[in-house]
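Q: Please take a close look at one sheet in this model and at what packs on it. Then carry on to the other chain and the contact between the two.

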Amino acid sequence: MSNSGNEILDMYLYETNTLLEQLDSIVLAAEHVDSFSEDDVNEIFRIMHTIKGSSAMMEFTPLMTIAHRIEDLFFIIRDKGMNIVAEEHRPLLFDLMFQAIDYFRSEVAKIENSEPFSENIDTFIENINSFIAKIQQEPSSGAPAAASAPAADASSAASADAAIAGFGTDPAHPHLLHVLFDEGCGMENLRAFMLVTSVRDFCADEVFTFVPEDVETNPETAEFIVENGFLLRFINAADRDKAIPAVTASGSVKTYQIADEAVPAPKVEKTEQAAPAAAKKPAGQETAAPAAAPKAAPAAAATPAPHSKESLISVNLSKLDHLMAVVGEIVITESMVTSSPDLKGLKLDTFTKSARQLRKLTDELQDVAMSLRMVPVSGTFQKMNRIVRDMSKKLNKPARLTLVGEDTEVDKTIVDNISDPIMHIVRNSMDHGLEENTQDRIDAGKDPVGEITLAARHTGSEVIIEIRDDGQGANYDAVLEKARRVGLAQPDVEYSQREILNFLMMPGFSTNIEVTEFSGRGVGMDVVKKNVEDVGGTVVLSSEPGRGMTTTLKIPLTMAIMDGMEIAVGHSIFTISINNIRQIFRVSSANIIQDAGQKEMIKCMDSFYPLIRLRDLYQLKEGLDNVEEGIVLWVESGECSYCLFVDELIGEQQVVVKPLPEYVNSYNIKTYGISGCTILGDGNISIILDVANLYSAAQGL
Amino acid sequence: MANIVKEETTVTDQNMLFATEEDQEDELRDGVPEVLTEKYLVFHSGGLLFGVDANFVVEIIINHVITPLPIVPDYVSGVINLRGQIIPIVDFRLLLCKPHQENCSIVVLNIDGVQLGILVDSVAQMVDIPEGSILPVPTSGNSAQKYISGMCTLPDESGTLMVLDSALLLHV
């Protein structure tokens with residue numbers, strides 16, 4: 001049970017987060033035109049309704065309350081049109097919406113981390129209420145649903161007969177069961193529908209009816225149920241008695257009573273039932289709510305959403321990884337079958353034909369499986385809209401964000417990893433890039449509104465993301481002076497512009513003396529650089545004084561696949577990333593120089609590099625001794641550059657990187673330059689070498 | 001094999017016990033009404049008989065290519081590619097400080113989610129061992145006993161079984 005409860009929570013969080021993102025973009029777009037279109041209002045109304053409903057199901061009361069108030073607000077706007085909000089009140093409305101989005105986000109984050117809610121929502125509710133009052137000019141009707149709920153409840157409790165009478169009569173189903181829900185539990189119609197569903201478990205469909213009948217599809221019935229309660233009619237009393245356990249087991253049922261229409265007879269007010277039910281509510285939340293929610297959550301999402309042209313489904317990432325693994329296996333197995341030694345010398349026309357067909361299909365399958373992990377960068381880009389908007393207001397710098405190529409697709413892991421760096425760069429551009437005053441921009445002959453462009457595009461195996469601003473650009477002299485002051489640059493060396501810009505990305509460099517709200521919190525461009533390098537990418541800065549600055553991120557499409565060079569030492573096969581290889585050549589023993597410590601060096605391109613023999617480093621039993629028989633790879637990574645001696649090259653291959661099992665990683669093989677492994681076409685395993693770690697391991701010997 | 005869990009065997013009739021060895025009789029416990037038994041996989045390594053709880057056993061494979069890893073200790077033979085999964089292999093003979101032998105079987109274990117293969121000389125059979133018949137090991141700290149949590153005589157009295165403590169394998 002607890003397990004399915006978690007699934008429901010996951011679904012709730014996913015759904016709510018998606019809705020909030022949607023809401024964010026709607027409000028942002030609306031703020032641009034300073035009005036909500038009819039579609040926007042309907043959409044916001046729907047989103048709030050769904051959040052209210054699902055929050056109520058999960059018993060997240062503060063979330064439900066606020067969503068409910070905003071729903072009320074947009075109910076009014078939907079009813080009376082956008083004109084009801086006077087021009088001067090509109091910024092307030094947008095701010096209110098952003099506040100609400102932020103509030104929901106922070107509360108949802110709290111749910112994710114299972115922290116308690118911030119209980120103090122009164123001021124916020126007050127803000128919404130006063131805004132509603134402002135646009136209505138008659139505060140009393142500002143809260144129709146909330147106000148009427150307790151009133152209706154009291155009246156229905158007082159005169160239950162009258163309430164039942166309000167349903168009309170149905171001679172065919174004379175035995176009545178009248179149910180009242182907890183006050184303010186929200187989504188009464190859906191609760192009623194769930195009740196009906198659970199009653200169906202006990203009684204056949206034909207033996208009972210219920211009023212109102214369209215609870216499943218008509219959200220308006222919620223109000224009716226709040227006022228009059230919910231009525232179940234049964235043909236005979238026995239069925240009704242069977243249904244009572246279902247009613248008592250349902251969450252949020254405040255009280256129920258049974259009555260018979262034909263005989264105006266004993267109404268049994270089950271107060272002793274009602275009391276435990278009410279008392280049970282706080283404690284029984286966990287038990288009652290999850291039981292109710294599986295049916296309720298999809299219903300809540302489906303009911304008010306005729307829009308739902310869902311062509312997307314969310315899939316657990318681990319399932320995708322599993323799929324990738326299986327597809328990889330199929331590709332290998334396919335080549336094992338078609339190149340099986342048993343087939344040698346046989347002339348099998350049909351087999352060859354089918355095998356070719358199979359190869360085509362497996363290739364296609366592999367492509368599709370790969371593409372599943374690819375997601376567009378638009379999600380990350382859209383988030384920047386909000387940052388630009390907020391900072392633009394705070395810093396009083398008018399700015400707009402232009403997005404180019406948002407549909408560009410990148411591996412999911414990479415998208416997650418570049419979100420923070422992009423955010424940081426955008427903040428930097430807003431804070432330091434754009435001119436302090438609008439007047440400065442006008443004087444420079446630029447559009448007073450600053451422009452930040454986020455562009456993404458593909459080039460073969462890389463995706464390139466550019467963050468461009470049209471601000472003042474970097475001040476080379478200031479940067480160089482600062483670099484000299486903090487000791488990153490030598491005092492009397494001339495630096496090229498590019499070198500100067502690279503100082504910006506060094507640890508311990510921050511041109512901004514003051515720590516502002518948005519940047520300069522010690523998290524600088526060096527962290528951006530590191531994050532991007534973690535996913536195998538590079539950062540390049542370029543700047544033109546007075547014209548703005550461009551940060552370019554070059555990122556590989558996926559981390560899971562790399563271009564590798566297969567090399568062999570004895571019978572062992574290793575893979576080295578092609579990106580690390582500078583040159584491959586043969587040497588004569590005359591070119592090898594030994595230093596005092598018996599370490600070998602080699603001369604290439606007028607410079608000496610250490611020679612590392614992979615066989616000696618890994619103490620392999622097999623392998624060549626004579627340098628002239630084998631081959632030398634000149635490899636480079638970051639600071640280190642050296643030559644690696646191996647027996648032979650096998651060839652270049654795209655490989656799928658797999659981590660080594662934890663068990664062998666515990667032997668510290670990573671520090672010896674073994675970073676992972678990959679499965680070759682014939683099913684054998686090749687070990688992937690990390691050039692940098694291999695060097696430090698060799699130095700340590 | 002992994003789904004073979006604890007099973008109850010009623011020891012009333014001699015022939016009912018140990019279906020694989022029906023001709024063997026188990027007179028010792030004859031007359032005991034009910035005994036809980038546990039399935040163990042018996043294998044040979046370095047001339048000794050070992051048993052590992054069948055709940056940990058995923059599968060047994062033979063003649064698989066092992067890719068050796070550099071740097072790691074001798075007893076880690078390397079890794080294998082088992083249908084796309086990379087599984088580390090430990091040579092059980094070397095763990096026991098016995099010389100390595102070619103032509104081995106690999107018993108793939110899943111120990112609390114960690115997959116590990118052990119190289120053994122040969123796999124013998126599955127046996128049901130009654131709970132409580134596993135006796136403690138006399139302490140004498142030799143390397144073979146490091147991974148043994150108990151000993152017991154095989155039900156057919158064909159030998160003495162060393163019961164492997166799988167969890168200890170992960171912390172060699």
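A: What follows starts with a sheet of chain A, then turns to the chain contact and to chain B.

The model is predicted. In chain A, five strands make up an open sheet with mixed pairing. Their order is E7-E9-E10-E12-E11. Strand E7 (399–404) and strand E11 (538–544) of chain A are the edges. Each has a single partner strand, so one side of each lacks a neighbour in the sheet. On average, neighbouring strands of this sheet are turned by 15° against each other, direction ignored.

Take the E11 edge of chain A. E11(A) pairs with strand E12 (residues 548–556) of chain A. The sense is antiparallel, over seven bridges. Within this pairing, A:Ser543 sits opposite A:Met549 of E12(A).

Now the helices. Helix H15 (residues 412–433) of chain A packs on the sheet. H15 touches E7, strand E9 (450–459), strand E10 (462–469) and E12 of chain A. The direction of H15 makes about 20° with that of E10(A). Helix H19 (residues 525–534) of chain A lies across E11 and E12 of chain A. H19 runs at about 140° to E11(A).

One loop residue leads into the E7 edge. A:Asn396 lies in the loop between helix H14 (378–395) and E7 of chain A. Its phi is near 60°, a positive value in a residue other than glycine. Most residues other than glycine have a negative phi. A:Asn396 counts as exposed because it has 10 C-beta neighbours inside 10 Å, and the cut-off for exposed is 12 or fewer.

Next, the contact between the chains. Chain A gives 23 residues and chain B gives 20 residues. On the side of chain A that touches chain B, four elements each supply at least two residues: helix H12 (317–338), helix H21 (662–665), strand E22 (674–679) and strand E23 (685–689). By type, the residues of that side of chain A are 15 nonpolar, five polar and three charged.

Chain B has two helices and 11 strands. Along the sequence, the pattern of chain B is β-β-β-β-β-β-α-β-β-β-β-β-α. Chain B has 172 residues, of which 30% count as buried. Consider contacts in chain B between residues at least 6 apart in sequence: 55% of these join residues at least 24 apart.

Strand E8 (residues 114–120) of chain B deserves its own view. Five of its seven residues are buried, so E8(B) is largely enclosed by the rest of the structure. The cut-off for buried is 20 or more other C-beta atoms within 10 Å. E8(B) has pairings with E6(B) and with E7(B). Strand E6 (residues 85–91) of chain B runs parallel to E8(B), joined by three bridges. There, B:Val90 stands opposite B:Ile118 of E8(B). Strand E7 (residues 105–111) of chain B runs antiparallel to E8(B), joined by seven bridges. Here B:Ile106 is opposite B:Leu119 of E8(B). E7(B) and E8(B) form a hairpin with two residues between the strands. In that hairpin, B:Asp112 takes a positive phi near 50°.

Chain B has another residue with positive phi. B:Ile71 has a phi near 70°, and it is not glycine. B:Ile71 is in the loop between strand E4 (57–62) and strand E5 (76–82) of chain B. With 18 C-beta neighbours inside 10 Å, B:Ile71 counts as partly exposed.

Terms used: Residues numbered from 1 in each chain as written. Chains lettered and ligands numbered in written order. Predicted model: local features only at pLDDT ≥ 70, side-chain atom pairs only at ≥ 80, totals over all residues. Pairing = 2+ DSSP bridges. Axes fitted to C-alpha atoms, helices over the stretch in contact; angles between N-to-C directions. Contact = placed C-beta atoms within 7 Å. Nonpolar A, V, L, I, M, F, W, Y, C, P; charged D, E, K, R; others polar.
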